[in-house]
Amino acid sequence: MAPDPSTYSFSRVTTFEQCARRFRYRYLDGVQEGFQGVEGFMGTQVHSALEWMFQQRDGGNRPTLEQSVAYYCDEWDRRIADGSAPVRVVKTGTPMETYRRNGAEMLSRYYRERFLSDRLTTVANEHHFRVTVGERHKFQGFIDRLATDKDGLLHIIDYKTGSRVPKKFEGKEAQQLEAYAMAMFREGQAEEVELVLDFLKTGARLRRRVLRAQADEIEVRLSARIDTAEEATVFPPTPGVLCGWCGYNDLCESAMSRYSRAS
Ligand code: SF4
């Protein structure tokens with residue numbers, strides 16, 4: 001079944017901008033991706049473990065590093081075993097076990113460098129929002145962690161498990177969090193928010209303060225991007241290096257050939 005055609009997420013917008021054909025397969029035709037790249041799979045398990053760690057801590061039972069890594073490893077094994085989403089290693093020469101270990105190392109670093117010293121109060125993990133944008137679009141998302149500091153300032157925290165770390169708070173990671181800030185203002189939860197990007201591979205952290213007065217401007221930019229996707233009538237493929245990680249590359253006639261399974 002196709003996803004709700006009237007509701008947009010940030011990844012739906014960026015999928016259209018990266019490859020309109022992939023957007024069509026996923027969001028208009030409702031075709032399931034044939035596989036998930038191991039990098040994305042690893043990121044999902046790390047996010048799941050972080051959510052569990054904060055839930056445990058906030059419930060008065062702070063987990064040890066060993067328990068946290070064990071949770072991550074168990075989730076990894078359980079999801080691989082249930083086979084519901086086939087996982088593919090795209091980069092040849094790197095065994096699956098290397099990715100599993102990389103995720104465990106990220107989690108260990110975060111535990112030592114952030115988790116133990118974290119003094120924020122969790123408002124929600126995986127906070128789901130759904131707001132109206134541009135008067136006619138529904139925009140939804142999941143915020144990895146919402147938390148307040150001792151002054152009551154709301155922090156919107158996003159974990160990144162990829163290798164890319166921008167030098168400044170800019171690019172699509174920043175745009176995503178700005179859109180989430182706009183949503184929090186629309187939900188009426190704050191007058192200002194602190195955006196936090198945690199890059200788990202390196203331990204880097206980027207921040208930006210956003211005020212409610214900026215919400216209209218952010219909404220206009222996001223709404224224009226959604227308009228472009230919504231008004232599209234043709235969905236050309238954009239073959240490139242990302243074809244390797246595209247779960248439609250067995251289906252798409254334009255998949256960059258060295259990444260297509262049929263090649
Ligand atoms: S295989 Fe490449 S060109 Fe085809 S839909 Fe996927 S990303 Fe787009």
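A residue counts as near a molecule if its C-beta atom, placed from the backbone, lies within 6 Å of it. The exercises below apply to a predicted model.

**Exercise 1. Determine how many residues surround the ligand, and how they divide by class.**

Solution.
Step 1. Applying the 6 Å limit, one finds 14 residues around the ligand.
Step 2. The closest of these are Cys19, Pro237, Cys243, Cys246 and Cys252.
Step 3. Sorted by class, the shell consists of 9 nonpolar, 3 polar and 2 charged residues.

**Exercise 2. State how the chain is divided into domains, and describe the contact between them.**

Solution.
Step 1. The division gives domain 1 (26–116 + 234–259) and domain 2 (121–223).
Step 2. The centres of domain 1 and domain 2, taken over C-alpha atoms, are 22 Å apart.
Step 3. Domain 1 contributes 15 residues to the contact, and domain 2 contributes 12 residues.
Step 4. On the side of domain 1 that touches domain 2, α3 (38–58) and α5 (96–115) each provide at least two residues. The largest share, 10 residues, is that of α3.
Step 5. By class, this side of domain 1 holds 6 nonpolar, 3 polar and 6 charged residues.

**Exercise 3. Locate the largest nonpolar core with respect to the two domains.**

Solution.
Step 1. This core has 48 residues; Val46, Ile156, Tyr180, Ala181, Met184 and Val193 touch the most other members.
Step 2. Both domain 1 and domain 2 give residues to the core, so it lies between them.
Step 3. Take Val46 as an example. When neighbours within four places in sequence are set aside, Val46 contacts Tyr72, Gly103, Met106, Leu107, Thr161 and Leu200.
Step 4. There is also a second, separate core of 5 residues, among them Tyr25, Cys246, Tyr248 and Ala255.

**Exercise 4. Identify the buried residues of helix α2 and what covers them.**

Solution.
Step 1. Helix α2 spans residues 20–28, and its buried residues are Arg21, Arg22, Phe23, Tyr25, Arg26 and Tyr27.
Step 2. The cover over these buried residues includes α1 (10–18) and α7 (215–231).
Step 3. After α2 comes Gly30, which has a positive phi near 70°.

**Exercise 5. Describe the pairing of strand β5 with β1, β4 and β6.**

Solution.
Step 1. Strand β1 (residues 7–8) pairs with β5 in the parallel sense over 2 bridges. Here Tyr8 stands opposite Phe139.
Step 2. β4 and β5 run antiparallel and are joined by 11 bridges; one bridge partner of β4 residue Thr122 is Ala147 in β5. Their hairpin has 3 residues between the strands, and Gly134 takes a positive phi near 60° there.
Step 3. β5 and strand β6 (residues 154–160) are antiparallel, with 4 bridges. Leu146 stands opposite Ile156 in β6. In this hairpin, with 5 residues between the strands, Gly152 has a positive phi near 85°.

**Exercise 6. Compare the backbone and the exposure of Glu126 and Glu135.**

Solution.
Step 1. Most residues other than glycine have a negative phi.
Step 2. Glu126, although not a glycine, has a positive phi of about 50°, and phi of Glu135 is positive as well, near 70°.
Step 3. Glu126 is found in strand β4 (residues 121–133), whereas Glu135 lies in the loop between β4 and β5 (137–148).
Step 4. A residue is exposed if 12 or fewer other C-beta atoms lie within 10 Å of its own, and buried at 20 or more. Glu126 has 14 and is therefore partly exposed; Glu135 has 7 and therefore counts as exposed.

Terms used
Residues are numbered from 1 along each chain as its sequence is written. This is a predicted model: local features need pLDDT of at least 70, side-chain atom pairs count only at pLDDT 80 or more; totals for chains, interfaces and linings use all residues. Ala, Val, Leu, Ile, Met, Phe, Trp, Tyr, Cys and Pro count as nonpolar, Asp, Glu, Lys and Arg as charged, and the others, Gly among them, as polar. A nonpolar core is a set of buried Ala, Val, Leu, Ile, Met, Phe, Trp, Tyr and Cys residues joined through C-beta atoms within 7 Å. Domain bounds come from an automatic or database domain assignment. Two residues are in contact if their C-beta atoms, placed from the backbone, lie within 7 Å. Two strands pair if DSSP finds at least two bridges between them.
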